[in-house]
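This briefing is intended for a reader who has the sequence and the coordinates at hand. It begins with one loop residue and its surroundings, and then turns to the helices and the chain totals.

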Amino acid sequence: VDLPGDVGTAPWRVEQLAKAMAEALAKVKRQGATEERVNEALLYAGLLSHFVGDLAQPYHNTSDHDGWQTEQGGIHAYFESD
């Protein structure tokens, strides 16, 4: 089984971003809340929320992630921005 090829990498990316966010928040707690430290934590939180949200996006869970094979090309943008 080729895990990245068969099931994708989102679960590992979510774990990576969650750890980075937790480390950034711990740094804020240890060293104080500067704009730079808080922004770093918020960056990871935003990226994490995007990747978690992607798992609920119907086309992210298929090989036809943008609908072109089913003659619905551009459906990704429809779900994410339109």
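In this predicted model, Asp 66 touches Gln 72, Gly 73, Gly 74, Ile 75, His 76 and Ala 77, leaving aside residues up to four places away in sequence. Asp 66 belongs to the loop between H3 and H4. With a relative accessibility of 19%, Asp 66 counts as buried, because the cut-off for that class is under 20%.

**The loop between H3 and H4**

- The C-alpha atoms of Asp 66 and His 76 are separated by 5.0 Å, although the two residues are 10 residues apart along the chain.
- Gln 72, one of the residues that Asp 66 touches, lies in the loop between H3 and H4 as well.
- Not counting residues up to four places away in sequence, the residues in contact with Gln 72 are Tyr 59, Asp 66 and Gly 67.
- Gln 72 has a relative accessible area of 36% and is therefore partly exposed, since that class lies between the 20% and 50% limits.
- Glu 71 is also placed in this loop, ahead of helix H4 (75-80).
- The phi angle of Glu 71 is positive, near 60 degrees, in a residue other than glycine. Most residues other than glycine have a negative phi.
- Glu 71 has a relative accessible area of 77% and is exposed.
- Asn 61 is a further residue of the loop between H3 and H4, and at 51% relative accessibility it counts as exposed.
- Asn 61 and Gly 8 are 53 residues apart in sequence, while their C-alpha atoms are 8.3 Å apart in space.

**Helix H2**

- Helix H2 comprises the 22 residues 10-31. At 1.5 Å a residue the expected span is 32 Å, and the end C-alpha atoms are 31 Å apart, which agrees.
- Ala 10, Val 14, Leu 17, Ala 20, Ala 24 and Val 28 are the buried residues of H2.
- Viewed down the axis of H2, these buried residues fall within an arc of 130 degrees, so they line one face of the helix.
- Glu 23, Lys 29 and Arg 30 are exposed on the other side of H2.
- H3 is included in what covers the buried residues of H2.
- Gly 32 follows H2 and has a positive phi, near 100 degrees.

**Helix H3**

- Helix H3 comprises the 20 residues 35-54. The span expected at 1.5 Å a residue is 28 Å, and the end C-alpha atoms are 28 Å apart, which agrees.
- The buried residues in H3 include Ala 41, Leu 48 and Asp 54.
- These residues cover an arc of only 150 degrees around the axis, which puts them on the same side of H3.
- The face of H3 turned away from its buried side carries the exposed residues Glu 35, Glu 36, Leu 42 and Leu 43.

**Aromatic and charged groups**

- How many aromatic pairs does the structure hold? The number of aromatic pairs is 0.
- Arg 13 lies over the face of Phe 51, and the distance to the ring centre is 5.3 Å.
- Arg 13 falls within the residue range 10-31 of H2, and Phe 51 falls within the range 35-54 of H3.

**The chain as a whole**

- The chain contains 4 helices and 0 strands, and its pattern along the sequence reads α-α-α-α.
- Of the 82 residues in the chain, 20% are buried.
- Among contacts with a separation of 6 or more, 28% are between residues 24 or more positions apart.
- The exposed area of the chain is about 6,000 Å², and carbon and sulfur atoms supply 57% of that area.

How values were computed:
Residues numbered from 1 in each chain as written. Predicted model: local features only at pLDDT ≥ 70, side-chain atom pairs only at ≥ 80, totals over all residues. Heavy atoms only, no water. Helix = DSSP H or I, 4+ residues; strand = E, 2+ residues; numbered from the N terminus. Buried < 20%, exposed > 50% of the residue type's maximum accessible area, 1.4 Å probe, protein only. Contact = heavy atoms within 4.5 Å. Areas by Shrake-Rupley, 256 points an atom, 1.4 Å probe, with all protein chains shown as cover. Expected span 1.5 Å × (residues − 1). Arc of directions from axis to C-beta. Phe/Tyr/Trp six-rings, centres within 6.5 Å; stacked < 30°, edge-to-face > 60°. Lys NZ or Arg CZ within 6 Å of the ring centre and 35° of its normal.
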